[in-house]
Amino acid sequence: MKRLVLLGGGHSHVEVLRRFGTEPLTGTELVLVSPYPDSPYSGMLPGWIAGHYTRDECHIDLMRLTRFANCRFARSACNGINPEARLVFCEDGTTLPYDVVSVDTGTRSPAFDTPGAPEHALPVKPVEHFISVWDEICKRAVRGQAPRRIAVAGGGAAGVEMLLAMQYRLRKLAPLAEFSFDLVSDTGSILATHNIKVRTIFTRVLEQRGVTLHLGRTVERVDRCRLRLRGGGSIEADTIVWATGASAPFRRVRTCASLRRRKPSISNPRSRASSASARPSFFRKASRSKQPRRWRQQTPSPSTRSPAGKS
Ligand SMILES: Cc1cc2nc3c(=O)[nH]c(=O)nc-3n(C[C@H](O)[C@H](O)[C@H](O)COP(=O)(O)OP(=O)(O)OC[C@H]3O[C@@H](n4cnc5c(N)ncnc54)[C@H](O)[C@@H]3O)c2cc1C
């Protein structure tokens, strides 16, 4: 029996698990290591921000999915790998021997590359963190304490979608409040990787909705409630959302031959279950009247960092 350990329950491993469920591979033992029992489906995130979906409707239930794939679920974050000894280390102290390990722990926000942004901006990734902060903003909006000036850094699909979704939601939650929205992008137009028709339509939509565009401008640093732009000028904002693409994660998983086993590997055969139905849905809750929109194809980027792309 070979053990395949999957690190991270994001989009890529969700599909891996689904396929193991539909086409089981004999002689393979699966283990998923994930700090969360569910996984946000980012394609539906703007719909959740706008209030069209509940949290459960746009989250994939990893517990159900692992049962379907006959996979053991280890709820923890991996914090180290010893590739020579073939061991995965988890934050809860457990150690997992493996034959093959697959690392899919996602991306980080490039916010860390701009001074002040890690302290004063809200990055879109990790999505789990964004979700909890946005939840809090919505609660404040209901109490009449919503941030009034919102700025988004990043003019790619994520930035544009998120801005429009946030605007829609805040206006619903606080119809009498006045909000201002700014979008900054170092590209000469929004949605720079999309075709001219898409760019024209969305530029018009943003203008109609009163969004101030700052195109061809780079955020040089972020202070509390202020974006400072290269070449002069600044934008004041109570909430600064960072959607400037994706970078490789750093120091999230250490790979080191000197890491030693700390605790016996977990072994809980009862957490493994036989395959469920042949065509299951793994969303925590089915969307009320709407089907989740289809996963839109994106042009693959040659680099992991794209200032105008999604994170
Ligand atoms: C607002 C928004 C909208 C988007 N819409 C689309 C779209 O419509 N179409 C499209 O193609 N793409 C879209 N994307 C991009 C898409 O989200 C990413 O391309 C995709 O999530 C990448 O998948 P992944 O499996 O590499 O990582 P992720 O899906 O990010 O998964 C990584 C997982 O690893 C887990 N993890 C992190 N650290 C550890 C650790 N140490 N140990 C264990 N687990 C860990 C995290 O909890 C997370 O669940 C969108 C992105 C955003 C932000």
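User: Before we look at the sheet, what makes two strands count as a pair?

Analyst: Two strands pair if DSSP finds at least two bridges between them. In this predicted model, 4 strands form an open sheet with parallel pairing, in the order 5-2-1-9.

User: Why are strand 5 and strand 9 called edge strands?

Analyst: Strand 5 (71-75) and strand 9 (100-103) each pair on one side only. On average, neighbouring strands of this sheet are turned by 20° against each other, direction ignored.

User: How do you know that strand 2 and strand 5 pair?

Analyst: Happy to show you! The cut-off is at least two bridges, and 5 bridges join strand 2 (residues 28-34) to strand 5, so the two count as paired. They run parallel. One of the bridge partnerships links Val33 with Ala74 in strand 5.

User: What lies across strand 2?

Analyst: Helix 1 (residues 11-22) does, and helix 1 also lies across strand 1 (2-7) and strand 5. Its direction is at about 150° to strand 2. Angles over 145 degrees count as roughly antiparallel, so helix 1 is roughly antiparallel to strand 2.

User: Why is helix 5 called roughly parallel to helix 6?

Analyst: Helix 5 (residues 127-142) and helix 6 (residues 157-173) pack at about 30°, with axes 9 Å apart. Angles under 35 degrees count as roughly parallel, so that label fits helix 5 and helix 6. Their crossing is right-handed.

User: Which residues make that contact?

Analyst: Helix 5 brings Cys138, Ala141 and Val142, while helix 6 brings Arg169, Leu170 and Leu173. By type, the contact has 5 nonpolar residues, no polar and 1 charged.

Technical notes
Residues are numbered from 1 along each chain as its sequence is written. This is a predicted model: local features need pLDDT of at least 70, side-chain atom pairs count only at pLDDT 80 or more; totals for chains, interfaces and linings use all residues. Axes are lines fitted to C-alpha atoms, for helices over the stretch in contact, and angles run from 0 to 180 degrees between N-to-C directions. Two residues are in contact if their C-beta atoms, placed from the backbone, lie within 7 Å. Angles under 35 degrees count as roughly parallel, over 145 as roughly antiparallel, 65 to 115 as roughly perpendicular and the rest as oblique. A crossing is left-handed if the near helix is turned anticlockwise from the far one by less than a right angle, and right-handed if clockwise. Ala, Val, Leu, Ile, Met, Phe, Trp, Tyr, Cys and Pro count as nonpolar, Asp, Glu, Lys and Arg as charged, and the others, Gly among them, as polar.
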